[in-house]
Amino acid sequence: MNYHEVNFDGLVGPTHNYAGLSFGNVASQSHKQAASNPKAAALQGLAKMKALVDRGFKQAVLPPQERPSIAWLQRLGFTGSDAEILAKAARETGLLPMLASASCMWAANAATVSPSPDCRDGKVHFTAANLSANLHRAIESRETVNALKTIFHDPMHFAHHEPLPGAQGWGDEGAANHSRLCATYGHTGVEMFVYGARADSVLGPTRYPARQTLQASQAIARLHALDEKRVVMVQQNPAVIDMGVFHNDVIAVANQRVLLYHEDAFLDTQKVLDELNEKLREGDLIPVKVPRQAVSVADAVKSYLFNSQLLTIPGSHAQNMIILLPEESKKNRNVAEYVNTLIGADNPITEAMYFDLHQSMQNGGGPACLRLRVVLSDAQWQAINKGVVLNDAKYRELCNWVERHYRDELQPKDLADPALLNESRTALDELTTILNLGSFYLFQLGRR
């Protein structure tokens, strides 16, 4: 049976804005209060998706969530009409931007996904992330569960787990801290969970918080019925977290047998490589180390070299890979020189593609942040909700939808505008038809 890696990209929502909400995310904080362009953000994301479709990759989208979230504002005690609720919330320092964030666009944080070859029951397992470190992300988890269950709805093929408890020490930020290595997508893989802190150790970052914990990663491995002999738990280097590496996908990226990583990414790198190589079994690990002399951690954070998509070219049987990067990587001389060296070296990475994702990048999210990777067999691919699959016709339909409903500019003060809420609801209502989502949004069901 054939297996494919499918990228499910987060569709940027109409309230994309720069509120600087993510402590530890340097780009997010440095662009706080700047004007954003939601229309450009959505079209940039769609253009990246379409380029992969054109190259033969399977591509789908995940829907945005309703923002500003009136349901959550009501849960926090705000009453009255929608306009009154928005006005009252705007008077609370910093609250409305949290409830208006379009951060679910970064689908790498939506969930951790284990393909069926890795799981003892032969199903694809999903655990939606609790994202408990930040309010603007934590409110996403329930709707993420609904979205995943709507798309991956067949219980014969898919198993869904509730987000982990949002208690201290149980922070889970999804696939941004999870990688899978395998000989081919259909082989049993080795799943690598990267954490920043653990309950039985004081060793951790001191400037910025560790978003992923060992306890959370271990719980997900148990929930997904993984063989512990095929699981590797890795501690991220606390020093790089304090330099702005808030997730592992800012300092390392893996695909099949290749692990592209910065020299300073992990706490005990040689131990990590030895364990991965031992457990991979089907084929030797191909570690590609990026030396600090070539690319500093600061350059990696600024350029998002590692927040790239590492993709096996369809039909190449794992022999040739593309590294898909933001244009910021091309503009950084050290990084651009390294990438040119990388694709000419003795490894499967043979091509680099650069994309304008400036709107997302200014908020701290690169190509890898925008997508959730899901490995599916032919039968599992046929079992998903095909309304979310991107093809030429769907791409044109979504671009037209964005052009009709999204603003060219959004200022921080606009988040309290009732017209923005109405525009967003109108757009999302139409989107449910485009993506065949049914009555997906709460406002449609009258449960506000």
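Reader: Which strands does helix H13 lie across?

Author: The model is a predicted one. In this model H13, residues 333–343, lies across S10 and S11. The helix runs at about 155° to S11. Angles are taken between N-to-C directions on a scale from 0 to 180 degrees, so the value of about 155° describes directed axes.

Reader: What makes S9 and S11 the edge strands of their sheet?

Author: The open sheet has 3 strands in the order S9-S10-S11, with mixed pairing. Strand S9 (252–255) and strand S11 (286–290) each pair on one side only, and therefore count as its edges. Between neighbouring strands of this sheet the average turn is 10°, direction ignored.

Reader: Why are S9 and S10 called paired?

Author: Pairing requires at least two bridges found by DSSP. S9 and strand S10 (residues 258–262) are joined by 4 bridges, so they satisfy the rule. The two strands run antiparallel. One of the bridge contacts links Asn255 to Val258 in S10.

Reader: Why is the space of about 310 Å³ called a cavity?

Author: A cavity is a set of points where a 1.4 Å probe fits but cannot get out, and the space of about 310 Å³ is classed as the largest cavity because it meets that rule. There are 5 cavities of 30 Å³ or more. The largest cavity is lined by 25 residues, and Glu5, His178, Ser179, Arg180 and Arg373 are the closest to its centre. S6, S9 and strand S15 (371–377) each give at least two lining residues, and S15 has the largest share, with 5.

Reader: What makes up the lining of that largest cavity by class?

Author: The lining of the largest cavity has 14 nonpolar, 6 polar and 5 charged residues.

Reader: Why is the space of about 500 Å³ called a pocket instead?

Author: A pocket is an open set with protein on both sides within 12 Å along at least five of seven lines, so the space of about 500 Å³ is classed as the largest pocket by that rule. Its lining has 20 residues, with Tyr3, His4, Tyr185, Pro314 and Gly315 the closest to the centre. Strand S1 (3–10) and strand S12 (309–312) are the elements that give two or more residues to this lining. S1 has the largest share, 3 residues. By class, the pocket lining has 8 nonpolar, 10 polar and 2 charged residues.

Reader: How do you know that the "active site" residues cluster in space?

Author: The unreviewed UniProt entry places that feature at Glu173, His247 and Cys369. These residues are spread over 197 residues of sequence, yet the largest C-alpha distance is 11.3 Å. Glu173 sits in the loop between strand S5 (158–161) and strand S6 (178–181).

Key:
Residues are numbered from 1 along each chain as its sequence is written. This is a predicted model: local features need pLDDT of at least 70, side-chain atom pairs count only at pLDDT 80 or more; totals for chains, interfaces and linings use all residues. Side-chain values use heavy atoms; hydrogens and water are left out. On a 1 Å grid over the protein atoms alone, a cavity is a set of points where a 1.4 Å probe fits but cannot get out, and a pocket is an open set with protein on both sides within 12 Å along at least five of seven lines; lining residues have an atom within 4 Å of a point. Grid points are joined across faces, edges and corners, and a volume is the space filled by probe spheres set on the points. Ala, Val, Leu, Ile, Met, Phe, Trp, Tyr, Cys and Pro count as nonpolar, Asp, Glu, Lys and Arg as charged, and the others, Gly among them, as polar. Contact means heavy atoms within 4.5 Å. UniProt positions are given in the numbering used here, feature names are shortened, and annotations may be inferred rather than shown by experiment.
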